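Welcome! Here is a friendly first tour for anyone meeting this protein chain for the first time. Please have a look at the sequence and the model before reading on.

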Amino acid sequence: MTALTRANLMSLEKYAEVRHEFRKKVMAHKKNRKLPLGEHATLYFEDSLTIQYQVQEMLRIEKIFEATGIQEELDAYNPLIPDGNNWKATFMLEYPEVGERRRMTRELLGIEDTIWCLVEGSDKVFAIANEDLERSDGEKTSAVHFLRFELSANMVSKLKQGAALFFGIDHEKYEKAVEADQAVKNSLIQDLQ
């Protein structure tokens, strides 16, 4: 996938006109790019459409219309688009009650380094977490992390030939493994060259 440029974006006026329909399209697309890992953790896989939506929303909310501001948003979000041999995902710890969330971000310190994917017939690949900035401080982790899963050519080939795909967490206080359903797997295969 290629990085977004200003040419891929709508003006604020145009976006206001089509926002409702564009949002419906993106939300339908995202359904096949979400993978719960148990009750309190979820992977949200990004691609050029999900990132375009994020950028358009930021431009709208911040009322950014100048070229330099638009480019700053593109520079911030483009690294989240997969580049053909990987997946990029937003990982979220989801505890709705504030006190429990605070407690669990302490207990789950380092969880971002224990998240993996596995293509049937291959070894686990652990995600590379938070390449933009550190999101743990030694006492607690963040509820949001940005992950990159790097795949070998052999793994990509196996997936395209129908191999099963699994994701999981190996943290001592949160262990989970799930198989991606066919719709999610098909969507993620589209990210691979």
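The notes below go through the sheets, the core, the aromatic rings and one helix with its surroundings.

Keep in mind that this is a predicted model. Two open sheets, one of five strands and one of four, make a good place to start. From there we can turn to the largest nonpolar core, which has 37 residues, and then to helix H2, which covers residues 48-62.

**The five-strand sheet**

- The strands of this open sheet follow the order E1-E2-E3-E7-E6, and their pairing is antiparallel.
- Strand E1 (34-36) and strand E6 (128-129) are at the edges with a single partner strand each, so one side of each has no neighbour in the sheet.
- Three bridges hold E1 and E2 together in the antiparallel sense.
- Within that pairing, leucine 35 has leucine 43 in E2 as its bridge partner.

**The four-strand sheet**

- Here the order is E5-E4-E8-E9, again in an open sheet with antiparallel pairing.
- The edges belong to strand E5 (125-126) and E9; each has a single partner strand, so one side of each is left without a neighbour in the sheet.
- E4 and E8 run antiparallel and are joined by five bridges.
- Tryptophan 116 finds its bridge partner in E8, at glycine 168.
- E8 and E9 make a hairpin, with two residues between them.
- The two strands of that hairpin pair in the antiparallel sense over six bridges, and phenylalanine 166 stands opposite glutamate 179 in E9.

**The nonpolar cores**

- Which residues of the largest core touch the most other members? They are Leu37, Leu43, Phe45, Trp87, Phe91, Phe149 and Phe167.
- Several elements give two or more residues to this core, including strand E2 (41-46), strand E4 (115-119), strand E7 (144-150), helix H5 (153-160) and helix H6 (182-189).
- Strand E3 gives the most, with four residues.
- Apart from this core lies another one of 11 residues, with Ile51, Ile70, Leu80 and Ile81 among them.
- As general background, nonpolar side chains in soluble globular proteins tend to be buried together.
- Phenylalanine 149 shows how one core member is surrounded: leaving aside neighbours within four places in sequence, its contacts include Leu43, Phe45, Trp87, Ile115, Val125 and Phe167.

**The aromatic rings**

- How many aromatic pairs are there? The count comes to seven.
- One of them joins tryptophan 87 and phenylalanine 167 in a tilted arrangement, 5.8 Å centre to centre and with 50° between the planes.
- This pair links distant parts of the chain, as tryptophan 87 in strand E3 and phenylalanine 167 in strand E8 are 80 residues apart.
- Tryptophan 87 is buried, with a relative accessible area of 0%, and phenylalanine 167 is buried with a relative accessible area of 0%.
- Ring pairs also link Phe45, Trp87, Phe149 and Phe167 into a cluster.

**Helix H2 and its ends**

- H2 has 15 residues and reaches 21 Å from its first C-alpha to its last, close to the 21 Å expected at 1.5 Å a residue.
- At its N-terminal end, aspartate 47 acts as a cap: a side-chain oxygen lies 3.1 Å from the backbone nitrogen of leucine 49.
- Just after the helix, lysine 63 takes a positive phi of about 55°.
- Among the buried residues of H2 are Leu49, Ile51, Tyr53, Val55 and Leu59.
- The buried residues of H2 pack against helix H1 (12-30), E2 and helix H3 (67-77).

**Two residues to look up: Met58 and Glu73**

- Methionine 58 has its place in helix H2, while glutamate 73 lies in helix H3.
- Is methionine 58 buried or partly exposed? Its relative accessible area is 23%, and buried means under 20%, so methionine 58 is partly exposed.
- Glutamate 73, with a relative accessible area of 14%, is buried.
- Leaving aside neighbours within four places in sequence, methionine 58 is in contact with Lys63, Ile64, Glu73 and Tyr77.
- On the same basis, glutamate 73 is in contact with Val55, Met58, Leu59 and Ile64.
- The C-alpha atoms of methionine 58 and arginine 106 are separated by 30 Å, and the two residues are 48 residues apart along the chain.

Terms used: Residues are numbered from 1 along each chain as its sequence is written. This is a predicted model: local features need pLDDT of at least 70, side-chain atom pairs count only at pLDDT 80 or more; totals for chains, interfaces and linings use all residues. Side-chain values use heavy atoms; hydrogens and water are left out. A nonpolar core is a set of buried Ala, Val, Leu, Ile, Met, Phe, Trp, Tyr and Cys residues joined through side-chain atoms within 4.5 Å. Buried means under 20% relative accessible area, exposed over 50%, partly exposed in between (1.4 Å probe, protein chains only). Contact means heavy atoms within 4.5 Å. Two strands pair if DSSP finds at least two bridges between them. The expected span of a helix is 1.5 Å times one less than its number of residues. A polar contact is a pair of N or O atoms within 3.5 Å; within protein, one must be able to donate a hydrogen and the other to accept it, and residues adjacent in sequence count only if both atoms are side-chain atoms. Rings of Phe, Tyr and Trp (its six-membered ring) pair if their centres lie within 6.5 Å; planes under 30 degrees apart count as stacked, over 60 as edge-to-face and the rest as tilted.
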